[in-house]
Amino acid sequence: MLKSGCRIEAHQHRTAQRLARAIAIDAVIAWRAMLLALLGREVPEMPAAWVFSPQECRLLETLQPLVAPATMGNKKNSAWESRS
């Protein structure tokens with residue numbers, strides 16, 4: 001995930017301190033992406049609100065037509081609709 005998802009090898013920071021900060025952020029992003037992939041396979045009906053904040057859910061709803069337009073017609077399995 002760090003190599004392909006976050007493209008950690010492409011970081012070109014001038015100082016070790018900046019590189020360390022970028023890697024720390026990438027590690028959190030990679031961990032969360034791996035967790036979401038696992039949860040998506042194991043518990044696909046889980047509401048998105050269990051993992052994302054309300055602001056993140058709104059952002060994802062806004063981005064969904066741009067990033068995953070094929071999922072727009074499938075409201076039955078939409079985790080975004082099941083916010084509880």
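**Reading a two-helix model**

Tutor: Let's start with one contact in this predicted model: the side chains of glutamate 56 and arginine 32 meet in a salt bridge, at 3.1 Å from N to O.

Student: Which parts of the chain does the pair of glutamate 56 and arginine 32 tie together?

Tutor: Glutamate 56 belongs to helix α2 and arginine 32 to helix α1, so the salt bridge ties together parts that are 24 residues apart in sequence. A search of the whole structure finds one salt bridge.

Student: Is glutamate 56 buried, partly exposed or exposed? What about arginine 32?

Tutor: Here the cut-offs help: buried means under 20% relative accessible area and exposed means over 50%, with partly exposed in between. Glutamate 56 has 28% relative accessibility, so it counts as partly exposed. Arginine 32, at 27%, is therefore partly exposed too.

Student: How many helices and strands does the protein chain have?

Tutor: The chain has two helices and zero strands. To read a helix, compare the span expected from its residues with the distance between its end C-alpha atoms. For α1, 27 residues at 1.5 Å a residue should span 39 Å, and the end C-alpha atoms are 38 Å apart, which agrees. Helix α2 has 14 residues and reaches 19 Å from its first C-alpha to its last, close to the 20 Å expected.

Student: Where does α2 bend?

Tutor: Look at glutamate 61, where α2 bends by about 30 degrees. A proline, proline 65, follows within four residues.

Student: Which residues of α1 are buried?

Tutor: A general idea first: an α-helix has 3.6 residues a turn, so residues three or four places apart point the same way. In α1, the buried residues are Ala22, Asp26, Ala30 and Leu39.

Student: Why does aspartate 26 count as buried, and which residues does it touch?

Tutor: Aspartate 26 has 8% relative accessibility, so it falls in the buried class. Its place is in helix α1, which covers residues 16-42. Leaving aside residues up to four places away in sequence, aspartate 26 touches Leu2, Cys6, Ile8 and His11.

Student: How much of the whole chain counts as buried?

Tutor: Of its 84 residues, 15% count as buried. The chain exposes about 6700 Å², with carbon and sulfur atoms supplying 61% of that area. As for contacts with a separation of 6 or more, residues 24 or more positions apart account for 40% of them.

Student: Which residues form a nonpolar patch on the surface?

Tutor: Leu59, Leu63, Leu66 and Val67 do, with about 420 Å² of accessible area together. Leucine 59 lies in helix α2, residues 54-67.

Notes
Residues are numbered from 1 along each chain as its sequence is written. This is a predicted model: local features need pLDDT of at least 70, side-chain atom pairs count only at pLDDT 80 or more; totals for chains, interfaces and linings use all residues. Side-chain values use heavy atoms; hydrogens and water are left out. Patches are made of residues with over 30% relative accessible area and no salt bridge: like charges are joined within 9 Å, nonpolar side chains (Val, Leu, Ile, Met, Phe, Trp, Tyr) within 5 Å. Accessible areas come from the Shrake-Rupley method with a 1.4 Å probe; for residues, only the protein chains shown count as cover. A salt bridge is a side-chain nitrogen of Lys or Arg within 4 Å of a carboxyl oxygen of Asp or Glu. Buried means under 20% relative accessible area, exposed over 50%, partly exposed in between (1.4 Å probe, protein chains only). Contact means heavy atoms within 4.5 Å. The bend at a residue is the angle between axes fitted to the seven residues ending there and the seven starting there.
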